[in-house]
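The exercises below concern charged side chains and the overall form of one protein chain. Work through each task with the structure open, and then compare your reasoning with the solution.

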Amino acid sequence: MRKTSPNSPVNNKTDSKSLELSALSKFQAGSYKEAIELYKTLLKTTEKPEWRQTLAQCYLQRSLSFAAKGMVKEAVVLWESYIQNSAASPAYFDYYLAWLLQANDVAKAKKYLQQLTTPQLDEQYPVLASILGLLIITSKPEIQALLPQDSVFIKHLVIVQAALAAYWAGQYETVETQLQQLPFRSAFKDFRTLLKAVIAFPEAKENAQAQLAKIAAESPYHNMAKSLLACTRDGSALVKDLSQLTQKQAQLVGAAKKFNKKQLELLDVVLKQKARLSDKLKFNLTLQYQSLFGDEWSRRYCYSALATYSAGQRDFIKHFGQWDEFEECRLKALSYERKGNLHDALYYWKRGVAILQKQEPLENLKIALLMRHIASKEHPLSETIAWLEDSLDYDPDDRETYLKIVKYYENAPQQADNLKQWLDNSIEKFPQDIDFLLSAVNDATRRQAFEESVQYARAVLRIDPVNVPAKQALFNSHLAHIRTLIKSKQFQRLDKEMQDIQSLALSKRDQLMVAVMQGFCLFAQAKTDKSQGTTQIADSVQQLYPELLTAHFYAMMEASLMGLPLATVIKTLPTLTKDYAVSPHELTQFIELLLQYHNRSDTQSLLGKIINKVKAPLKQAFNKKQLDSNLLLSFCQCMDSISNFELMRACVKSNQAEHKTPIWTYYRIYSEVNGDADKCSYRNINILEHKLNEALSKNDQRTAVLIEKFLDKHYQNKVPKNIETLAGLLGININSDKPDPMALFDYLPSEVYEKIDKKSDDLLKKMGLDRLITVLIKQYFPDDDGTVMKRVLGNIEAMQALSFIKAAEELNIPLEVKPADIIKCIDDEAASAPSRLPNFNLGDLLGGLLR
């Protein structure tokens, strides 16, 4: 079937209706080009006003679209087609005139400009009025005669011309007087701003820049403002502004700033690079225009650029000469870092530090910054902290370094003494620093030095009276100190401590906790009748924790912390029976309270004992199956934290419906073996492997991490059955690595290692093995009585290592390894070697083991 052209005549009503619907659909979808063709086809057969008007709108929208793309000549043609088809008064007439002026169609523009009325010029066409004003005072003064002479526009134009005349005459006060006559809504408002900025520059550069920044991007004066703004800049800000200008505008700015021929040439080259300048191009341009930048600046830039453009090394040496040993290390280290090879980079950074430490005078800040750069890379944390600590020997006032060291030791509880030492050093250096003072509060609390904690918290509050962590720490420290006084029976100090804690601005909850503590004070001090104390404890605890399980747990924990008899303390509380119904809200509150105690160093040993006293109602709650799965999961996580596997098993058992999910499978198996991965059966390990894959496929990362850690513990040091026995009989230690003297050089980059190794081979070929060993022993062990010689001769790796040290010396490459380290290494090897076995028949032994 032949396809019908959209321009072919429409012969029936059905085709006409279909075509009309299609044209309307294209118009509404913004496909104006296709809509125009369809409406032109429709109008060939039938003249309908609504079709003609829609066609006109299509032309109008197309003209606006072309103008937005800067295609003003095409926009003019389309707008004229719009006028030909529109029965209504023309829209966007001012846009059309502006397009004619931009297209430099002077004849047609003059024709229409003469038709402008005063209201149109002064009120209806503000954008066109601004354009006309700019053209009249710059390139087309003849337009002035074409416009309505009684308009406000002409009056303002006369003022502007007078201001310009005064400016050229240097009469700046007259300029200011004239400009003040222009109202805010004048067509020349942006001209006024522009001229004010010109007058302000260069004496008041910031004022000029502020004035120019006010001119909007839509203003016809915007390009002039951008160029003038660039004239006020220098350095990198100038380059940035120039890059946003056209080449012609940038050249004008260069001329205004009196650039010489070479500067204009460089500017032209840079602006022609539409994409970002490559490292190579920037390097070469710096060399080419070295006379502009100056020798020192050019050298420094090109040197820093070598870190990313290593191919420029030969050109650098040609222009600036060879760099020193430190700079060579720095460049190599940066090059390795870019490749992700931190191992080799570390070697060169260390050499760089060693070189700087030998220079006189010492560049302390440079050494410190280099050490901190090394610490910023992915090294073991202990090495990172060692570098940071050493850097303070050279730059002892860097707060951030102190803070990083303190944060490290805060997360290393086995190094508590180091934490206190660094906190003392930090606070001595920065006595008003809240971060260090709060860390000291936490450390003192952990050490149960509560009076010290109070002092630090008060120091924080003197600096920042509303600091919430300090307020809470102060309150908790007072409470903890009261507990200590009661436990140690220092009752004479309790009154003052209670007064101190009551003087704090307390929340309602804190007030109840103080009331509980008052009850304990009364209870502890009463010699016979303790009823007053127990009554206040019971009343206050029940206000603090209205639900019975949590109330009992809290009261017993507090009593245990103070060494008070539990049964007597809680006898006034309602009895907690085995069939007590624990609500979801209470279990949530219980978990929160439990974790609060767990996070305190002075309570962890008591938790298991007190939880056992409330486990019956907890198990009963699990049996009733009234608890949400997420809440049960939170309970399991809590029990994991405190290693209570009995309650974890009870919790898991109550949630049978979810037993097959990865997380619940993990907690079931984990609780069955009491968290001991070594006791996990082969069958359960297979199940966990399957559940790990399932968790990963569901993107359940948390569960995957838990299972993976458990599996890693299981497989750690696992060896096949009977292998350890067989290895012991054969004299093989499979659980330790054999000391290897050559492993001491593993820290070297591969290129350095290979260079030394080649030299070592050359020494062996040149001297021969016997002579080389004799030279090595005489040089490194001059007092040897033959013992060292015997050890070395019996260990080929030791011979190789000593030869390696000798080769490094020949190449003038410093090493961290000394000859004595080699001997120590082979001594360690000898000590770790198994004793000789008695004679036995290996075949019989293996046969017995295999049977």
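**Exercise 1. A pair between two helices**

Task: Determine whether Arg399 is buried, partly exposed or exposed, and state which side chain meets Arg399 in a salt bridge.

Solution: The model is a predicted one, and the values used here are computed from it. Step one is to read the relative accessible area of Arg399, which is 23%; because buried means under 20% and exposed over 50%, Arg399 counts as partly exposed. Step two is to apply the same cut-offs to Asp435, whose relative accessibility of 35% also makes it partly exposed. Step three is to look at the charged atoms themselves: the side chains of Arg399 and Asp435 meet in a salt bridge, at 2.6 Å from N to O. This pair links distant parts of the chain, since Arg399 belongs to helix α25 (residues 399-410) and Asp435 to helix α27 (residues 434-446), 36 residues apart.

**Exercise 2. A loop residue and its partner**

Task: Locate Arg493 and Glu451 in the secondary structure, and find how far apart their closest N and O atoms are.

Solution: Begin with the distance, which is 3.2 Å between the closest N and O atoms of Arg493 and Glu451; a salt bridge requires a separation within 4 Å, and the pair is therefore counted as one. Next, place the two residues: Arg493 lies in the loop between α29 (468-487) and α30 (494-502), whereas Glu451 is in helix α28 (residues 450-463), so that the pair links parts of the chain 42 residues apart. Finally, consider accessibility, where Arg493 is partly exposed at 33% and Glu451 is partly exposed at 44%. A related question is which residues are joined into one network by salt bridges that share partners: these are Arg399, Glu400, Asp433 and Asp435.

**Exercise 3. A lysine with a partner and a lysine without**

Task: Establish for Lys196 which residue forms a salt bridge with it, and for Lys140 which side chain of opposite charge is nearest.

Solution: For Lys196, the partner is Glu176, with the closest N and O atoms 3.9 Å apart, a value that falls within the 4 Å limit. Lys196 sits in helix α11 (residues 189-200) and Glu176 in helix α10 (residues 172-179), 20 residues apart. The relative accessible area is 29% for Lys196 and 29% for Glu176, and each is partly exposed. For Lys140, the loop between α8 (126-138) and α9 (152-168) is the place to look. Lys140 is buried yet has no salt bridge, the nearest side chain of opposite charge being Glu142 at 5.8 Å. Leaving aside neighbours within four places in sequence, Lys140 is in contact with Asn104, Val106 and Leu135.

**Exercise 4. The chain as a whole**

Task: Describe the secondary structure, the extent and the charge content of the protein.

Solution: Start with the secondary structure, which comes to 49 helices and zero strands. For the extent, the C-alpha atoms fill a box of roughly 115 × 95 × 80 Å along the principal axes, and the radius of gyration is 44 Å, where a compact globule of 851 residues would have one near 29 Å. Buried residues make up 43% of the 851 residues. For the charges, there are 107 positive and 101 negative side chains, with the centres of the two sets 6 Å apart, and the count of salt bridges comes to 34.

Note on methods: Residues are numbered from 1 along each chain as its sequence is written. This is a predicted model: local features need pLDDT of at least 70, side-chain atom pairs count only at pLDDT 80 or more; totals for chains, interfaces and linings use all residues. Side-chain values use heavy atoms; hydrogens and water are left out. Helices (H or I, at least four residues) and strands (E, at least two) are DSSP runs, numbered from the N terminus. The radius of gyration is taken over C-alpha atoms; the globule rule is 2.2 Å times the number of residues to the power 0.38. Buried means under 20% relative accessible area, exposed over 50%, partly exposed in between (1.4 Å probe, protein chains only). Lys and Arg count as positive and Asp and Glu as negative; His and the chain ends are not counted. The place of a charge is taken as NZ of Lys, CZ of Arg, CG of Asp or CD of Glu. Contact means heavy atoms within 4.5 Å.
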